[in-house]
Amino acid sequence: MSPGDGTRAVHAGVPAPRQGEPPVPGPVFASYFHLEGDPEGVDYVYGRYGNPTWTLYERALGELEGGVAVSFASGMAAASAVLLPLLRPGDALILPADGYPTVRTLATGHLSERGVDVRMIRSGEPPPDQALAGTRLVWLETPSNPGLETVDVAEAARRAHAAGALVAVDNTLATPLGQLPLELGADFSVSSDSKHLSGHGDLILGHVAVRDPELAEGLVAWRTHTGAVPGPLEAWLAHRSLATLELRLERQCANALALAERLLFRDDVSHVRYPGLPDDPAHDVAAGQMRRFGTVVCFTLESRARAERFLADCRLVAQATSFGGVRSSAERRARWGGDDVPDGFVRFSVGCESPEDLLADVERGLDLSAG
């Protein structure tokens, strides 16, 4: 039998035990390493090329992703390491029009200005055949941020590969314990590890996982040449946090479903979105490829003012622009611009609080804000 997710998360990247050594070594802080003579075959020579703390964290991620993982200084550094070196003038990129705004900005600004044909599609749709002609890379985001749309990764990958394109999946919302893009046929699995994987809202980190050794070599080379390297403390903290990933996700996903179900009974809440709801438009696709439905719930209140009052009236819910942490947070997403959402649209990141306390706090916030 294959080990369960909890066992895999707890033991991921942990080195073989050695007498008198800690189970996981502490972070290695070094800009250079001692060398004598010819450095050929030496694992670590300079801090921008590699670090033993990254090695253990990347080993852990690779075990969870089912591939080879390369860590980066942030989620956007990871995304950039896929997009920027791969695409050349004349290439085409398919991108979700309603996906993460910063990736869209990088594509429509930097890449399109340098001759890349950026083709936008809805995040909940596989790329149409006419858009695939001449495409070098298909970028998917499932579930999407912030709309929580899903796309059939296996079908999208099949069609993209038939057209000669590579496929990258932003797997941040799902995590490797919720969805395995590489097993579904994607070439790249990209994540902001600042979210669920580290889970405490205290660091910035990202990674890309692949199965093709040549793609892995390219990612490492890009990181080395651009200096988009993770800090050893961040890598160590994230590796430590992986041990509780399954535990955190179990509570958070259960809380998210309970919250979504409760919101459906409120007449003053509309357009509740959570892929775990059987009637959600994303449910069928999500159920076919996800083991967990995620920790983010989205819904709409009738106005900007009502949404702002609701957020202010919640006691347990921080106002913040992130997700995946142990403490619940939420935001009125339209305040940033760049997303096609109503003024009263709320993106709610569900944490690990006791469910009865969290639901009571949300109900209280909704009741008070309605007055």
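How exposed or buried is Tyr-49? Tyr-49 is partly exposed, with a relative accessible area of 43% (partly exposed lies between buried, under 20%, and exposed, over 50%, using a 1.4 Å probe and protein chains only). This is a predicted model, in which local features need pLDDT of at least 70 and side-chain atom pairs count only at pLDDT 80 or more, while totals for chains, interfaces and linings use all residues. Residues are numbered from 1 along each chain as its sequence is written, and side-chain values use heavy atoms, leaving out hydrogens and water.

**View A. Tyr-46 meets Tyr-49 edge-to-face.** Their ring centres are 5.7 Å apart and the planes lie at 70° (rings of Phe, Tyr and Trp, the latter by its six-membered ring, pair with centres within 6.5 Å; planes under 30 degrees apart are stacked, over 60 edge-to-face, the rest tilted). Tyr-46 is partly exposed, at 38% relative accessible area.

**View B. Phe-299 and Phe-310 also form an edge-to-face pair.** Here the centres are 5.9 Å apart and the planes at 75°. Both Phe-299 and Phe-310 are buried.

**View C. Lys-195 places its charged end over the ring of Phe-323.** The distance to the ring centre is 5.5 Å (a charge sits over a ring if NZ of Lys or CZ of Arg is within 6 Å of the centre and within 35 degrees of the ring normal).

**View D. Trp-139 has many neighbours to look for.** Among the residues that Trp-139 touches are Ala-79, Leu-93, Pro-96 and Val-190, not counting residues up to four places away in sequence (contact means heavy atoms within 4.5 Å).
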